[in-house]
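This report concerns selected local features of one protein model. Please consult the sequence and the three-dimensional view alongside the text.

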Amino acid sequence: MSFTVEKLEGSMAELTITVPAADFDAAIKEAYQKNKGRFQLNGFRKGKVPMAVVEKVYGTEVFFEDAANDLINKTYPEESENCELDITSRPEISVEQIGKGKDFIYKAKVAVKPEFTLGEYKGIEVEKQDVTVTDEEVDAEIKKAQKENGRKVEVTDRAAKLEDEVKIDFEGFVDAEAFEGGKGKDYSLTLGSHSFIDTFEDQIVGKNVGDEFDVNVTFPEDYQAENLKGKPAVFKVKLNKITETVLPELNDEFASDVSAFDTFEEYKLDTRKTLELRKKDAAERAKEAAVLNKLIEVTEIDIPEPMIELQQERILDDFDQRLRYQGVTLEQYLNMAKMDKNVMMEQVKPEAIQRIKSALIIEAVAKAEGVDASDEEVDAEVQKIADQYQLEIEKFKELAGEKEVEAIKEQVKNQKAIKILAENAKEVEAAKKEESDK
């Protein structure tokens with residue numbers, strides 16, 4: 001077996017792979033063995049028709065397609081590894097020569113990693129992030145903990161008010177006709193959460209348990225159901241239950257219940273420190289993203305279309321996986337959204353280009369800075385992942401395989417490169433940055 005490589009314009013290349021005639025003839029025989037059970041001719045039992053007879057009846061090329069596909073699947077991965085090209089797309093295959101007793105020759109057209117010039121990546125100006133923690137933010141965080149530790153108490157002596165949790169039966173009607181999906185029984189709803197359309201929740205406020213009443217709303221013009229867009233509707237509602245959250249007092253007892261501190265003041269001080277760390281971490285992430293986005297804007301990279309298409313498919317695959325966790329497939333989602341897959345592919349194209357540029361630039365910075373990842377750094381990252389699966393690190397490595405561990409190493413290197421970009425960025429106040437951008 002042999003191959004040749006021809007570099008094409010636009011970061012494309014073409015591999016010409018030649019498989020010896022003997023291997024192709026062997027693949028034909030293998031294809032016959034796999035498919036002989038499909039053939040039945042007069043004078044022969046099903047699956048017992050000799051290969052020569054099948055070829056005489058159906059033509060000598062009857063097994064060519066299966067044999068060719070089998071050889072391509074076997075030979076392309078190996079030859080694409082040996083060709084020393086940084087391939088970034090699926091191959092576009094074209095058969096150049098095929099026939100019994102002949103070498104099998106095919107071409108594989110592929111995209112390769114584009115070359116580009118990395119400009120000055122140090123001293124990039126980015127807006128300075130405000131990491132000040134206000135008293136209001138501290139109070140809001142404590143109130144959040146207070147609410148999370150509240151007690152649910154059923155209410156029987158007053159009407160419903162905002163922030164109550166209610167249970168309702170309801171059925172919706174448009175033009176006096178009940179519509180699909182507009183009915184619920186003992187449905188839990190927090191008043192003021194804006195979970196329902198328009199003023200639905202507001203019209204429950206002031207009602208008592210056992211009340212039956214109408215709620216009048218209008219569906220928004222951009223509502224997902226075509227038959228309900230902009231339509232006025234009436235919901236027949238019955239209020240079954242009201243529950244309120246009784247909040248604990250903010251005192252030393254509360255502090256000791258929700259934290260490791262004995263006094264409320266200690267807890268409040270620790271809450272401030274936690275928020276400061278959180279803000280600083282968020283500011284660092286924002287700084288990294290801002291520097292990288294600025295570098296992407298000023299870096300010209302001619303990305304081959306097949307490379308973009310592969311990234312688009314990966315984005316949709318990721319989206320499909322997230323949907324499946326919710327019990328929905330991508331196909332079902334597209335049907336519900338009345339959207340063609342090609343339309344969605346086009347929608348994610350800007351994101352695909354952004355991802356590719358980001359990866360290429362980070363890789364280039366890592367190379368320029370001589371960034372590497374030590375075994376200790378890689379193991380530390382692998383350990384975090386192994387802990388998520390409650391596995392020993394060596395067991396995780398065994399199950400993940402070398403390629404996955406190598407991918408983690410690349411992630412560590414990339415993160416170090418991003419930190420270099422951020423550390424060398426120039427932070428400016430928002431007003432000064434606006435002035436320099438003009």
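In this report, two residues are in contact when heavy atoms lie within 4.5 Å. Helices (H or I, at least four residues) and strands (E, at least two) are DSSP runs, numbered from the N terminus. The model is predicted: local features need pLDDT of at least 70, side-chain atom pairs count only at pLDDT 80 or more, and totals for chains, interfaces and linings use all residues. Residues are numbered from 1 along each chain as its sequence is written, and side-chain values use heavy atoms, with hydrogens and water left out.

**Helix α11**

Helix α11 comprises 14 residues, 375–388. The distance from its first C-alpha to its last is 20 Å, close to the 20 Å expected at 1.5 Å a residue; the expected span is 1.5 Å times one less than the number of residues. Residues V378, V382, I385 and A386 of α11 are buried. They lie on the same side of α11 because they cover an arc of only 100° around the axis, the arc being that of the directions from the helix axis to the C-beta atoms. An α-helix has 3.6 residues a turn, so residues three or four places apart point the same way. Here, buried means under 20% relative accessible area, exposed over 50%, and partly exposed in between (1.4 Å probe, protein chains only). The buried residues of α11 pack against α12 (393–400) and α13 (402–423), whereas E376, K384 and Q388 are exposed on the other side. After α11 comes Q390, with a positive phi near 55°.

**Strand β10 and its partners**

Strand β10 spans residues 232–246. Two strands pair if DSSP finds at least two bridges between them. The table lists antiparallel pairings of β10.

| Partner strand | Bridges to β10 | One residue pair |
|---|---|---|
| β6 (residues 151–155) | five bridges | R151 opposite V246 |
| β7 (residues 165–174) | nine bridges | K167 with K241 |
| β9 (residues 212–218) | seven bridges | E212 with K238 |

**Two buried positions**

V348 is located in the loop between α9 (341–347) and α10 (349–368). V348 counts as buried because its relative accessibility is 11%. Apart from neighbours within four places in sequence, V348 contacts Q312, I315 and L316. V348 and Q311 are 37 residues apart in sequence, and their C-alpha atoms are 9.2 Å apart in space.

E14 belongs to strand β2 (residues 12–19). With a relative accessible area of 16%, E14 is buried. Beyond neighbours within four places in sequence, E14 is in contact with T4, V5, E6, L8, K107, A108 and K109.
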